[in-house]
Amino acid sequence: MNPRKIAVPAALAAMLLAGPGIAQAAPAAAPAPHQQVAAATITWTLERAGNPTADQQSAYTRITSAMNAAVARYNNLSDLGKSITVRYDTSVPTADGNINGTIRFGSDRSYMTERTALHEIAHTIGVGTSSGWSSLGGSGTWTGAQATALVRQYDGSSAKLSTGGGHFWPYGLNYENEFSGTAADRHVRIVAAMVRDGL
């Protein structure tokens, strides 16, 4: 049989079926695009005085720079979520972070850095402040498998995360001289791994 003779009636039939009021089989649906669950994010707000003094305004500028850098790093390298409120509080000697989502920076400008902000964000997430911290880090060594595997990837098969006083090391960014781009990235990844461990 001539293939042309088959093709013409088939095309005419398709045109007739496409007319109004005629039901037709729907074409095979394309597979639905894979939807990725949106990662959580860390957000923050700075409580400001209504009519700030020059000292307050100077502090706000430094704190904003530090927090923007730290939050961007956390959001880029982790899927952690937290809503943080930041205050400038001259009664605080350095800076502190609480699991309730509050960070306070004191008047010492040397602590208004990305390193400090990263460190204090970790406290708001649970480092040194959560029940998971007590159970997994209370012995002086972090016992969670995910963060332990990560520090061993960075520093060798015998590496461990030491804990004490609500802090961890290495990569806890406990002091300014510990800060580098690499150390900051590893800090964020280790905190995220601690959360997966049950922080």
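Which residues lie nearest the centre of the largest pocket? I looked this up before anything else, bearing in mind that the model is predicted. I found Thr-94, Tyr-111, Arg-115, Asn-174 and Tyr-175 nearest the centre, out of a lining of 14 residues.

**Entry: the pocket**

I noted a volume of about 200 Å³ for the largest pocket. I then sorted its lining by residue class and got 3 nonpolar, 7 polar and 4 charged. Next I asked which elements supply at least two residues of this lining. They are strand E3, residues 95-98, and helix H3, residues 114-125. H3 gives the largest share, with 5 residues.

**Entry: the cavity**

I counted cavities of 30 Å³ or more and the count came to 1. The space in the largest cavity is about 30 Å³. I listed its lining as His-119, Ala-122, His-123, Val-127, His-167, Phe-168, Gly-172 and Asn-174. Two or more of the lining residues come from each of H3 and strand E6, the latter spanning 167-169. I checked the shares, and H3 has the largest here, at 3 residues. By class I recorded 3 nonpolar residues, 5 polar and no charged in the cavity lining. I also marked Asn-174, which is listed among the residues nearest the pocket centre and again in the lining of the cavity.

**Entry: helix H5**

I turned to helix H5, residues 145-155, and asked which of its residues are buried. They are Ala-147, Thr-148, Leu-150, Val-151 and Tyr-154. Looking down the axis of H5, I saw that these buried residues fall within an arc of 160 degrees, so they line one face of the helix. The general rule for such spacing is that an α-helix has 3.6 residues a turn, so residues three or four places apart point the same way. On the face of H5 turned away from the buried side I found the exposed residues Ala-145 and Gln-153. The cover over the buried residues of H5 includes H6. Just after H5 I noted Gly-156, which has a positive phi of about 110 degrees.

**Entry: Asp-185 in H6**

I followed H6, residues 181-197, to Asp-185, which lies in this helix. Is Asp-185 buried or partly exposed? Its relative accessible area is 22%, and the cut-off for buried is under 20%, so I entered Asp-185 as partly exposed. Leaving aside neighbours within four places in sequence, I found Asp-185 in contact with Arg-73 and Leu-77. I also looked up Tyr-171, which is 14 residues from Asp-185 in sequence, with a C-alpha to C-alpha distance of 8.9 Å.

Conventions:
Residues numbered from 1 in each chain as written. Predicted model: local features only at pLDDT ≥ 70, side-chain atom pairs only at ≥ 80, totals over all residues. Heavy atoms only, no water. 1 Å grid on protein atoms, 1.4 Å probe; cavity = no way out; pocket = protein on both sides within 12 Å on 5 of 7 lines; lining within 4 Å. Points joined across faces, edges and corners; volume = space filled by probe spheres on them. Helix = DSSP H or I, 4+ residues; strand = E, 2+ residues; numbered from the N terminus. Nonpolar A, V, L, I, M, F, W, Y, C, P; charged D, E, K, R; others polar. Buried < 20%, exposed > 50% of the residue type's maximum accessible area, 1.4 Å probe, protein only. Contact = heavy atoms within 4.5 Å. Arc of directions from axis to C-beta.
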